[in-house]
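Here are some exercises to work through with the model open in your viewer. Try each task before you read its solution.

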Amino acid sequence: MSTILDEIIASKYVEVSTKKELYPEKLLERSLFFSAPTVSLSRYLTRDDKVGIIAEIKRRSPSKGVINQHISVEALSVGYMQAGASALSVLTDEKYFGGSLEDLKKARSFNYCPILRKDFIIDEYQIVEARSAGADAILLIAAALSAERSAELAKFARSLDLEVLLEVHSAVEVASHCNDYVAMIGVNNRNLHTFEVNTSLAEELIRELPSSICAVAESGISDAETLLRLKKAGYRGFLIGEAFMRHARPELACQRLVREVEDSGANRV
């Protein structure tokens with residue numbers, strides 16, 4: 001039985017094929033962002049003066065529908081960083097999530113912080129796109145790629161000075177997909193085949209992750225208690241989108257969470 005992930009990936013192959021004809025790679029490489037220095041996402045997540053939140057710009061999703069359609073990427077991206085986020089994540093899939101590469105470019109234009117391009121990447125062309133739009137890192141989803149293809153894409157990303165966040169949902173995916181070109185491993189508490197969320201998954205899988213790689217917890221994080229529990233378990237990054245975006249002022253929700261974590265003393269050395 002096909003799932004929504006299967007549908008998205010099939011659609012992505014068609015989308016990439018069309019884009020290759022409209023916007024050749026040589027054209028993308030002319031972007032001012034393409035040769036600009038990148039900012040290390042993994043280093044920002046491990047800074048002692050930061051909480052480690054990757055604040056996401058996410059308009060909608062297949063499981064939740066419209067979350068927050070009326071946003072200013074400029075205002076929200078700046079607001080997130082002023083709130084104390086360590087980095088930004090920008091969803092660039094248009095068909096299923098309502099995002100675009102223009103969102104990423106806008107966020108880059110107004111922020112120096114690390115920016116993750118979050119999309120369903122299945123081709124080197126999308127990595128060139130990410131670099132040309134100003135991304136510092138890309139997401140590779142183990143559930144959408146073979147181990148061999150994941151390694152090929154990660155290697156190509158590193159050749160363009162982009163860091164790779166590898167998303168996994170099981171110990172099997174950790175063992176099969178982790179490779180030398182991955183800077184961060186993100187454990188997604190959301191099953192991409194069923195979209196069910198199990199917030200304890202990240203805690204269960206932390207022992208399976210290589211200690212040398214920055215660990216990131218994704219999905220289902222909406223309060224300081226959960227974040228602090230995951231931080232204690234060993235996570236340094238926390239990708240949060242829906243919990244912020246469902247508020248009229250997502251940046252204020254981010255600010256409250258950052259302050260609660262800081263007030264706990266979790267970041268004191």
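**Exercise 1: a serine in a helix**

Ser77 sits in helix 4 (residues 73–83); helices here are DSSP runs of H or I with at least four residues, strands are E runs of at least two, and both are numbered from the N terminus. A quick note before going on: this is a predicted model, where local features need pLDDT of at least 70, side-chain atom pairs count only at pLDDT 80 or more, and totals for chains, interfaces and linings use all residues. Residues are numbered from 1 along each chain as its sequence is written, and side-chain values use heavy atoms, with hydrogens and water left out.

Task: work out whether Ser77 is buried or exposed, and what it is in contact with.

Step 1. Buried means under 20% relative accessible area, exposed over 50%, and partly exposed in between (1.4 Å probe, protein chains only). Ser77 has 0% relative accessibility, so it counts as buried.

Step 2. Contact means heavy atoms within 4.5 Å. Skip the neighbours within four places in sequence, and Ser77 is in contact with Ile57, Leu88, Ala107 and Asn111.

**Exercise 2: two loop residues**

Task: place Ala142 and Leu162, then find their partners.

Step 1. Look for Ala142 in the loop between strand 6 (137–141) and helix 7 (147–159). Its relative accessibility is 4%, so Ala142 counts as buried.

Step 2. Beyond four places in sequence, Ala142 is in contact with Leu166, Glu167, Val168, Glu173 and His177. Now check Val174: its C-alpha is 8.4 Å from that of Ala142, though the two are 32 residues apart along the chain.

Step 3. Go on to Leu162, in the loop between helix 7 and strand 7 (163–168). Leu162 is at 0% relative accessibility and therefore counts as buried.

Step 4. Again leaving out neighbours within four places, the contacts of Leu162 include Thr38, Ile127, Arg131, Asp136 and Ile138. The C-alpha atoms of Leu162 and Val128 are 9.9 Å apart, with their positions 34 residues apart along the chain.

**Exercise 3: the tyrosines**

Task: which residues touch the most other members of the largest nonpolar core?

Step 1. A nonpolar core is a set of buried Ala, Val, Leu, Ile, Met, Phe, Trp, Tyr and Cys residues joined through side-chain atoms within 4.5 Å. The largest has 91 residues, and the answer is Tyr80 and Tyr235.

Step 2. List partners of Tyr80 more than four places away in sequence: among them are Ala55, Ile57, Leu88, Phe244, Met245 and Cys254.

Step 3. For contrast, try Tyr23, in the loop between helix 1 (4–22) and helix 2 (25–28). At 44% relative accessibility, Tyr23 counts as partly exposed.
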